[in-house]
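These are my notebook entries on a structure I examined. I record what I looked up and what I found.

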Amino acid sequence: MHQLLHLRSRPVQTLILGLIGLTFYAYYRTTYYDVPQYAIPRNISCSRYRAISKQPLNANASSEPPLPAAIGSYETQNVLNSLNSIVTTLSTFSSPQTQSSTDIAIASAKQSGEKPLIRMDKLSNTTKESLVLSNEYSSRMIYEAGHTVPIPEKCPNFGKEMDLIIVIMSAPTHLEARMAIRQTWGHFGQRNDISILFMLGATLDPKVEIVLKKEQKTYNDMIRGKFLDSYSNLTLKTLSTLEWVDSYCSKVKFLLKTDDDMFINVPRLQVFIIKHAKDKNVIFGRLAKKWKPIRNKKSKYYVSRTQFKHAIFPDFTTGPAYLLSTDIIRKLYDTALDQTYLKLEDVFVTGIVADKLGIKRIHANEFLNKRITYNACNVQRSISIHMVKYSEQFDLWKKLLDGKSKCK
């Protein structure tokens with residue numbers, strides 16, 4: 001019996017290794033889905049590392065997590081050595097087929113109570129899919145700059161000769177919606193003074209990605225940002241749009257940000273732009289006033305007090321469609337990166353950030369941003385109509401071009 005229980009005996013060694021393995025497996029399962037997402041900020045290479053300094057916990061603080069005391073980008077040898085030692089230790093108990101060293105580093109750093117150093121380009125797809133956007137961090141910590149498919153040729157000479165660029169937020173699987181737009185009001189994108197493009201993020205479905213590559217090869221009108229395309233990442237999609245316009249189309253006069261379930265009356269929008277050609281520092285759209293944050297954690301639109309502490313949001317233009325003078329693009333983008341991330345993109349960009357910058361938000365009746373009765377006069381009087389199914393785009397297009405209607 002004494003020999004059986006000796007540490008050098010094979011059964012005891014097997015039991016100890018089994019218990020250690022189960023311990024790390026149990027820890028991995030309970031922490032894997034509770035890790036905040038990090039990314040590389042603008043103008044910093046993906047090969048660099050990101051870190052956050054620790055903030056002492058306040059025993060009297062609220063239950064919501066505190067904001068980090070400081071945010072920096074540094075690569076000290078001590079931190080890297082410490083991280084590498086943790087990775088080396090844990091890697092002996094992990095399967096290389098299911099975990100990358102960065103995945104392990106996330107879990108180990110969480111166990112030690114520290115914010116992990118993360119290389120976005122080394123994360124596995126499984127980890128990216130499971131990362132949760134935390135309300136602790138600024139957008140700069142979450143947003144990864146750049147575009148995997150930039151298509152700068154769609155804005156020749158940085159848009160100097162263009163009046164308008166329309167960027168349509170679209171999901172990877174919304175092929176029918178994009179095709180309907182291309183075959184209707186998207187035709188105006190063939191003009192020299194207008195460009196109409198789609199903005200998409202990344203997808204984890206290889207079959208969808210194959211279809212997207214074929215679609216891109218055929219139409220070459222989809223910008224691809226470095227974010228996972230999801231509802232929680234709509235703000236990242238808008239930031240990616242602002243970055244793209246600032247980088248490749250900064251001399252265009254106006255940017256219309258809209259969605260792929262919208263019908264846009266481009267001729268009416270052109271008249272509106274000519275009327276407001278001299279206006280600067282402004283966002284036009286459907287103005288929402290005195291909206292209150294929803295504090296119910298079960299709500300899709302939940303906003304914590306860490307994300308926004310005030311009782312009422314600043315006035316903002318609703319997200320389905322709004323028009324920006326391009327003199328505000330860069331400052332909107334830069335300032336947004338330093339604000340606490342909020343997934344409600346219209347509230348965040350045209351409300352919180354625009355208010356901080358003193359940008360005017362002006363209500364325009366022609367931006368309906370809602371579903372309406374589809375008659376020719378309603379279509380012709382409006383700039384933007386919301387909740388349009390892809391099959392309905394053709395009916396609205398026909399009514400827009402109807403020259404028989406006598407509308408006042």
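Entry 1. Which backbone atom lies 3.0 Å from a polar atom of the side chain of Gln307? I found that it is the backbone nitrogen of Ser304. I note at the outset that the model is predicted.

I then looked up the setting of Gln307, and found this residue in the loop between E9 and E10. Its relative accessibility is 17%, and since buried means under 20%, Gln307 counts as buried. I also recorded a second partner: the side chain of Gln307 reaches the backbone oxygen of Tyr341 at 3.2 Å. The side chain of Gln307 is thus listed with the backbone nitrogen of Ser304 and with the backbone oxygen of Tyr341.

Entry 2. I turned to the chain as a whole. I counted 13 helices and 12 strands. The chain has 408 residues, and 50% of them are buried. I computed an accessible surface of about 21,000 Å², with 54% of that area belonging to carbon and sulfur atoms. For contacts between residues at least 6 apart in sequence, I found that 74% join residues at least 24 apart.

Entry 3. Is Asp327 buried, partly exposed or exposed? With a relative accessible area of 35%, Asp327 is partly exposed. I located Asp327 in the loop between E10 and H10.

I listed the polar partners of its side chain. The side chains of Asp327 and Ser325 are joined by a polar contact of 2.6 Å. A polar atom of the Asp327 side chain also lies 2.8 Å from the backbone nitrogen of Asn281. Setting aside neighbours within four places in sequence, I found Asp327 in contact with Lys280 and Asn281. I further noted that Asp327 and Ser250 are 77 residues apart along the chain, while 8.2 Å separates their C-alpha atoms.

Entry 4. Next I examined helix H10, which spans residues 329-337. Its buried residues are Ile329, Leu332, Tyr333, Thr335, Ala336 and Leu337. Against which elements do the buried residues of H10 pack? I recorded helices H5 (139-142), H8 (234-248) and H11 (345-357), together with strands E7 (254-259), E9 (282-288) and E10 (316-325).

Entry 5. I looked more closely at the packing of H10 with H11. Their axes are 10 Å apart, and the packing angle is about 95 degrees. Angles of 65 to 115 degrees count as roughly perpendicular, and H10 and H11 are therefore roughly perpendicular to each other. From H10, I listed Lys331, Leu332, Thr335 and Ala336; these meet Phe348, Val349, Val353, Ala354, Lys356 and Leu357 in H11. I sorted the residues of this contact into seven nonpolar, one polar and two charged.

Entry 6. How do the axes of H8 and H11 cross? They come within 8 Å and cross at roughly 45 degrees, which makes H8 oblique to H11. On the H8 side I noted Leu234, Thr235, Thr238 and Leu242, which meet Glu345, Phe348 and Val349 in H11. The residues of this contact divide into four nonpolar, two polar and one charged.

I note that Phe348 and Val349 of H11 are listed in the contact with H10 and again in the contact with H8. H8 is also among the elements against which the buried residues of H10 pack.

Notes:
Residues are numbered from 1 along each chain as its sequence is written. This is a predicted model: local features need pLDDT of at least 70, side-chain atom pairs count only at pLDDT 80 or more; totals for chains, interfaces and linings use all residues. Side-chain values use heavy atoms; hydrogens and water are left out. Helices (H or I, at least four residues) and strands (E, at least two) are DSSP runs, numbered from the N terminus. Buried means under 20% relative accessible area, exposed over 50%, partly exposed in between (1.4 Å probe, protein chains only). Contact means heavy atoms within 4.5 Å. Accessible areas come from the Shrake-Rupley method with a 1.4 Å probe; for residues, only the protein chains shown count as cover. Axes are lines fitted to C-alpha atoms, for helices over the stretch in contact, and angles run from 0 to 180 degrees between N-to-C directions. Angles under 35 degrees count as roughly parallel, over 145 as roughly antiparallel, 65 to 115 as roughly perpendicular and the rest as oblique. Ala, Val, Leu, Ile, Met, Phe, Trp, Tyr, Cys and Pro count as nonpolar, Asp, Glu, Lys and Arg as charged, and the others, Gly among them, as polar. A polar contact is a pair of N or O atoms within 3.5 Å; within protein, one must be able to donate a hydrogen and the other to accept it, and residues adjacent in sequence count only if both atoms are side-chain atoms.
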